[in-house]
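Colleague: Please take one part of this model and go through it closely, then follow its contacts into the rest of the chain. I am a first-year student, and plain wording is enough.

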Amino acid sequence: MRVLLATNNAHKADEIRNALDMPGWEFVTLGEAGVASDPVEDADSFEGNARIKALAAAQASGMASLADDSGLVVDALDGAPGVYSSRYAGEDADDAANNEKLLRELADVADEERTARFVCTLVFVDEQGRETVAEGCVEGRIGHVERGSEGFGYDPLFFPDELAGAMTFAEVPQSEKSAISHRGRALMHLKDALSAL
Ligand code: IMP
């Protein structure tokens, strides 16, 4: 089975290939397959946006396709930044600007109310259009200053509960993060579901 990954992010593709290591399955990115697909992600949920990307890639290629969508959900901000995680501080915002805005919005929020989670939803569409959906999440808290230089996005501000609130995602190696991360967990669930098909 040859599956199109609805991404051009090499790092994401590697993580997916490592996690979905299944005999007979091959995963290729849009670039590797020579497919152009860049749909507007305007759904109001991670699953909705992942579905938009998976269906667009499948339509453009005729191949089975896999897409993910993920983000940070902060309780004290009624779920923000959520589906707007990558552009929280504006359309062209970078990680530094998004993190700065998050700290600003939480400036008056006490430690015990800074609970949050990363969520990742994967949508797999086979050649007949049948869907398999998998989700993963990791609970934690938002810190007060950025810590660590690994990872990306909100990692320097996120203290996962699994690390006893002592280290941020940006302070642990990628392999350790993948074992407990939202994306790692969603991929594990997807592997189970695809293996059972
Ligand atoms: P995407 O699903 O890769 O487009 O991620 C959307 C946005 O969510 C990213 O730009 C980050 O801001 C945030 N995000 C998703 N996963 C992570 C993560 O593992 N660490 C930090 N930020 C993340």
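Modeller: Aspartate 78 is exposed, because its relative accessible area is 78% and a residue counts as exposed over 50%. Keep in mind throughout that this is a predicted model. Aspartate 78 sits in the loop between β3 and α4, and this loop is the part to look at. The backbone at aspartate 78 has a phi near 55°, which is positive although the residue is not glycine. Most residues other than glycine have a negative phi, and most peptide bonds are trans. The loop departs from the second habit as well: the bond from alanine 80 to proline 81 is cis, with omega near -5°. Proline 81 also belongs to the loop between β3 and α4.

A similar backbone value turns up elsewhere. Alanine 164, which is not a glycine either, has a positive phi of about 55°. Its place is the loop between β6 and α5. Alanine 164 counts as exposed because its relative accessibility is 69%.

Back to the first loop, and to what touches it. Leucine 72 is in contact with Gly79, Ala80, Pro81, Gly82 and Ser85, among others, once its neighbours within four places in sequence are left aside. Both residues of the cis bond, alanine 80 and proline 81, are thus among the contacts of leucine 72. The list for leucine 72 also includes Leu102, Ala116, Phe118, Ile142, Tyr154 and Phe158.

Those contacts lead into the nonpolar interior. The largest nonpolar core has 18 residues, and Leu72, Val74, Leu102, Ile142 and Phe158 are the ones with the most contacts inside it. Two or more residues of this core come from each of β3, β4 (115-125) and β5 (131-142). There is also a second, separate core of 17 residues, which includes Ile16, Leu20, Met22 and Ala186.

Isoleucine 142 is a good residue to follow within the largest core. It lies in strand β5. Isoleucine 142 has a relative accessible area of 4%, so it is buried; the cut-off for buried is under 20%. Its contacts, again without neighbours within four places in sequence, are Leu72, Val74, Leu102, Leu106, Arg114, Ala116, Leu157 and Phe158. Histidine 11 is 131 residues away from isoleucine 142 in sequence, and their C-alpha atoms are 25 Å apart in space.

Phenylalanine 158 brings in the aromatic rings. The model has five aromatic pairs. In one of them, the ring centres of phenylalanine 118 and phenylalanine 158 are 4.6 Å apart and the planes meet at 55°, so the pair is tilted. This pair joins distant parts of the chain, since phenylalanine 118 is in strand β4 and phenylalanine 158 is in strand β6 (residues 158-160), 40 residues apart. Both phenylalanine 118 and phenylalanine 158 are buried. Phenylalanine 158 also pairs with phenylalanine 169, and that pair is tilted too, at 5.4 Å between centres and 40° between planes. Phenylalanine 169 lies in the loop between β6 and α5 (174-180) while phenylalanine 158 lies in β6, so this pair ties together parts that are eleven residues apart in sequence. Phenylalanine 169 is buried, as is phenylalanine 158. Elsewhere, Trp25, Phe27 and Phe124 make up one aromatic cluster.

Strand β3, at one end of our loop, has a further part to play, in the lining of the largest pocket. This pocket holds about 730 Å³ of space. It is lined by 31 residues, with Lys12, Asp69, Ser70, Ser86 and Phe152 closest to its centre. Strand β3 gives five residues, the largest share of the lining. At least two residues each come from α1 (10-19), α3 (46-61), β3 (64-74), α4 (95-105) and α6 (182-195). By type, the lining has eight nonpolar, twelve polar and eleven charged residues.

Helix α3, one of those contributors, also holds glutamine 59. Glutamine 59 is exposed because its relative accessible area is 71%. From glutamine 59 to serine 45 is 14 residues in sequence and 21 Å in space, C-alpha to C-alpha.

Definitions and conventions
Residues are numbered from 1 along each chain as its sequence is written. This is a predicted model: local features need pLDDT of at least 70, side-chain atom pairs count only at pLDDT 80 or more; totals for chains, interfaces and linings use all residues. Side-chain values use heavy atoms; hydrogens and water are left out. On a 1 Å grid over the protein atoms alone, a cavity is a set of points where a 1.4 Å probe fits but cannot get out, and a pocket is an open set with protein on both sides within 12 Å along at least five of seven lines; lining residues have an atom within 4 Å of a point. Grid points are joined across faces, edges and corners, and a volume is the space filled by probe spheres set on the points. Helices (H or I, at least four residues) and strands (E, at least two) are DSSP runs, numbered from the N terminus. Ala, Val, Leu, Ile, Met, Phe, Trp, Tyr, Cys and Pro count as nonpolar, Asp, Glu, Lys and Arg as charged, and the others, Gly among them, as polar. A nonpolar core is a set of buried Ala, Val, Leu, Ile, Met, Phe, Trp, Tyr and Cys residues joined through side-chain atoms within 4.5 Å. Buried means under 20% relative accessible area, exposed over 50%, partly exposed in between (1.4 Å probe, protein chains only). Contact means heavy atoms within 4.5 Å. Rings of Phe, Tyr and Trp (its six-membered ring) pair if their centres lie within 6.5 Å; planes under 30 degrees apart count as stacked, over 60 as edge-to-face and the rest as tilted.
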